[in-house]
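Hi there,

Here is the structure I promised to pass on to you. Please open it next to this email, and then read on at your own pace.

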Amino acid sequence: MKLFKFILLLFFTSIVYSQQQSPNILLIIADDLGVDAVSGFGVTGNLPNTPTLDSFREKGISYTNCWATPQCSPTRAAIMSGKFGVKTGVLRPPLVLEASHTSLFTKIEEQSPTNYSMAVIGKWHLGGSNTEDNFSHPKDIGIQHFEGVFSSGVDDYYDWTKLNTNGEEEQITEYTTKYLTDRAISWVENQTKPWFLWLAHTSPHIPFQTPPEGTYSTNPVDDATTYMAMIENMDYEINRLLESMDEETLANTVIVFIGDNGTPGRASTYFPRGHVKSSLYEGGIRVPMIISGKSVERSNTIESGLTHATDLHATILELTGVQVSGGTDNSLSLKPSLTAENSIKREVNYSDYQSNRINSWATRTLKYKLIEDENGNEEFYDLENDFLESTNLIGNLTSEQETIKAMLKKEAQTIRNGWSCNDGIKNGTESTIDDCNNTCGETDVLGFDNIDCCGTPLNPSIYYEFVEGDKRVVYSNNYPNHNFCFVADRTPEPYYRTYQFDLRPQLSGEVTSIVRENGRPVNFFGISLNGVYMMPAPATPFIFEDKNTGRFN
C-alpha cells in the first residue's frame with residue numbers, strides 16, 4: 001500500500017513538474033504597425049519611445065525580414081491557421097476564417113502534452129460582421145475565453161462595445177488599450193496552469209486619439225504624432241502587464257510581439273505614397289517581430305532570415321510541446337532560431353492580398369522581390385539597394401535577374417496551386433520534408449527525351465481563332481494539345497489570353513527588336529498554332545547558361 005501511494009505521488013509530481021516546465025506564451029499583436037514605426041528594424045528618424053519593446057529586443061531576437069499581409073484579417077488568419085490567404089480564402093478583411101481550417105487553439109488543446117489555459121483578449125476580426133447570418137465567433141474555432149472587439153477596431157477609444165465569449169455585449173467607457181491590459185492582467189492572475197494568451201491590441205489603428213496622460217511622451221498635434229503617442233501608450237501598457245506578473249510566472253513566459261501589417265498612410269512619414277498599408281510593398285507587409293523570454297537563448301540578436309507571420313502558428317505549437325516536421329502547412333517553425341544562428345533556411349518568402357477584387361501576390365529572396373497580379377502585371381525590385389522600391393526593374397533585367405524572376409514566378413504558382421518543395425516544411429503529400437522532387441528520374445538533358453517528372457495534365461487545350469473587323473483574334477489558355485511532362489504535384493495552370501493581329505499587316509518602316517539591350521528576349525514574341533505563347537523567361541535560361549544548374553537550354 002505504501003509503495004502504491006509512493007508511485008501515485010511520484011506520478012502526480014511528474015505531471016505537476018512537467019506542466020511547470022511548459023512555458024506560458026504571450027502573443028501580442030499590434031494593429032497597423034510597420035517596421036517604420038519602431039526602433040530596431042532598419043528605419044531611423046523620429047520614432048516613438050518604446051522602452052518595453054527595446055527591452056524585448058535587448059533580451060531576445062528581432063526578426064528584421066518578417067512579412068505579414070497588407071491588412072489585419074489575412075495576417076490574423078495566417079497565424080491562426082498556419083496557412084497563406086490563398087489557402088484559407090481570407091485575402092482581405094472582413095472575411096471569415098472557416099472552422100474547416102483547424103485553429104492554433106484547437107491544435108494545442110488536442111495535441112499538446114500539456115493542458116493549457118487559453119484566451120483571446122482584444123481584436124478578433126476573423127468572423128465577418130456580427131450583424132450578418134454567416135459571422136463566426138471565436139468559440140466556433142476552439143477559443144475557450146474571448147473578450148474584446150469583434151470587428152476592425154473601435155470608433156472611439158473612450159466609448160466602445162465589448163463582446164465576450166457568450167456573445168454578450170457591454171459598453172466600455174475606458175481607453176481601449178488600458179482596458180484590454182486590465183483584462184489581460186486579471187485573466188493571467190487567475191491561471192493555475194500553463195497558459196497561452198493571444199493579446200490583440202486595437203492600437204495604434206485609427207481613430208488616432210490621444211491616450212491617457214502620463215502614458216506617452218510624444219506631443220500629439222497631428223495624425224503622425226498622435227499615432228506615435230498611441231504606440232508609446234501601448235508600450236506603457238505592455239510593461240504594466242509584465243510588472244503585474246510575479247517573478248516565477250514572468251521567467252516562465254515566452255513573449256512574442258508582432259505588427260499585423262504596415263503603417264497606414266496617414267501616419268507614415270518614411271515610405272512613398274501608396275507603398276504603405278494595403279499594398280504589397282515593403283511598407284505594407286514588412287512588420288516588426290520580436291521573440292524573447294523563456295526558451296530564447298540568443299539575446300540582443302538580429303535575425304535576418306526570411307520569416308512570415310504565419311510562422312508563429314508552428315512556432316507556438318512547438319513551444320507547447322506539439323511535434324511538427326519543420327512546420328505545418330505554410331508555417332515554418334522558428335523554434336530552432338531561438339537557440340541557434342542561421343537556422344532559418346527559407347529561400348523564398350510569399351504573401352498575398354485581394355484589393356478591388358483583384359488577387360495579387362509577392363515573392364522574394366533575400367535580395368530580389370517580385371510582385372504579380374492575376375491580370376499579368378509584374379514589378380521586380382532589388383531590395384538590397386532599393387528598400388523603398390522606387391525603381392521597377394521590369395524591362396531591363398540582367399540574365400541573373402531574369403533567372404531569379406522566373407524562379408520566383410514558378411515558386412509562387414507552386415505555392416498557390418499546391419505545396420512548396422523548398423520551404424523546409426513537411427506538407428502536402430510529402431513523406432519527408434521537401435521530398436516531392438525525389439520521385440523524378442533524370443535523363444540526358446541535352447537529348448530529346450522528356451525528363452521523367454510526368455503527371456497527367458488536368459486541363460484541356462483551348463484555342464479559338466476568328467476574325468473581328470480588321471483583326472484576327474486568337475483566344476487561348478496557353479495549354480498544349482499534346483502530352484507533356486512536369487513535376488507531378490505542380491500541374492501547370494491554364495493562363496487565358498486574348499491576342500489580336502492585323503489582318504493585313506503593313507511594313508511600318510521601323511525595326512522593332514525582340515531582344516532587350518542585355519540580349520534577353522522581350523516578354524513573349526509569338527504564339528504557336530495550338531495557342532501556347534512563346535515566352536522564354538519562365539523557361540530560362542533560353543539560349544543562356546542557367547547559373548543555378550550550369551546547364552544550357
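Below is a short tour of what was found in it.

Please keep in mind that this is a predicted model.

**Aromatic rings**

Let's begin with the rings, since the structure holds 14 aromatic pairs. One of them is formed by Y281 and Y381: the ring centres are 6.2 Å apart and the planes stand at 75 degrees, so this pair counts as edge-to-face. Y281 sits in the loop between β9 (253-259) and α9 (282-285), while Y381 belongs to strand β18 (residues 378-382), so the pair ties together parts that are 100 residues apart in sequence. Both tyrosines are worth a look for their surroundings too. Y281 has a relative accessibility of 16% and therefore counts as buried, the cut-off being under 20%. Y381 also counts as buried, because its relative accessibility is 3%.

Elsewhere, ring pairs join F105, F196 and W198 into a cluster.

Two tryptophans have a charged side chain over the ring. K87 lies over the face of W419, 4.6 Å from the ring centre, and R416 lies over the face of W361, at 3.9 Å from the ring centre.

**Helix α5 and its surroundings**

F105 from that cluster brings us to helix α5 (residues 104-111), whose buried residues are L104, F105, T106, K107 and I108. What do these buried residues of α5 pack against? Their partners are α3 (72-81), β4 (117-123), β8 (195-200), α10 (311-319) and β13 (327-328).

**W195 in strand β8**

Strand β8 also holds W195, which is buried, with a relative accessible area of 2%. Leaving aside neighbours within four places in sequence, W195 is in contact with P23, N24, I25, L26, Y116, S117, W187, V188, M245, T249 and T253. You may also like to find T320: W195 and T320 are 125 residues apart in sequence, yet their C-alpha atoms are 9.5 Å apart in space.

**A three-stranded sheet**

Last stop: three strands form an open, antiparallel sheet in the order β19-β20-β21. Its edge strands are β19 (463-468) and β21 (497-502), each of which pairs on one side only. From one strand to the next, the twist averages 20 degrees. How many bridges connect β19 and strand β20 (residues 471-476)? There are six, in the antiparallel sense. To see one of them, start at E468, whose bridge partner in β20 is K471.

Enjoy exploring!

Best wishes

Notes:
Residues numbered from 1 in each chain as written. Predicted model: local features only at pLDDT ≥ 70, side-chain atom pairs only at ≥ 80, totals over all residues. Heavy atoms only, no water. Buried < 20%, exposed > 50% of the residue type's maximum accessible area, 1.4 Å probe, protein only. Helix = DSSP H or I, 4+ residues; strand = E, 2+ residues; numbered from the N terminus. Contact = heavy atoms within 4.5 Å. Pairing = 2+ DSSP bridges. Axes fitted to C-alpha atoms, helices over the stretch in contact; angles between N-to-C directions. Phe/Tyr/Trp six-rings, centres within 6.5 Å; stacked < 30°, edge-to-face > 60°. Lys NZ or Arg CZ within 6 Å of the ring centre and 35° of its normal.
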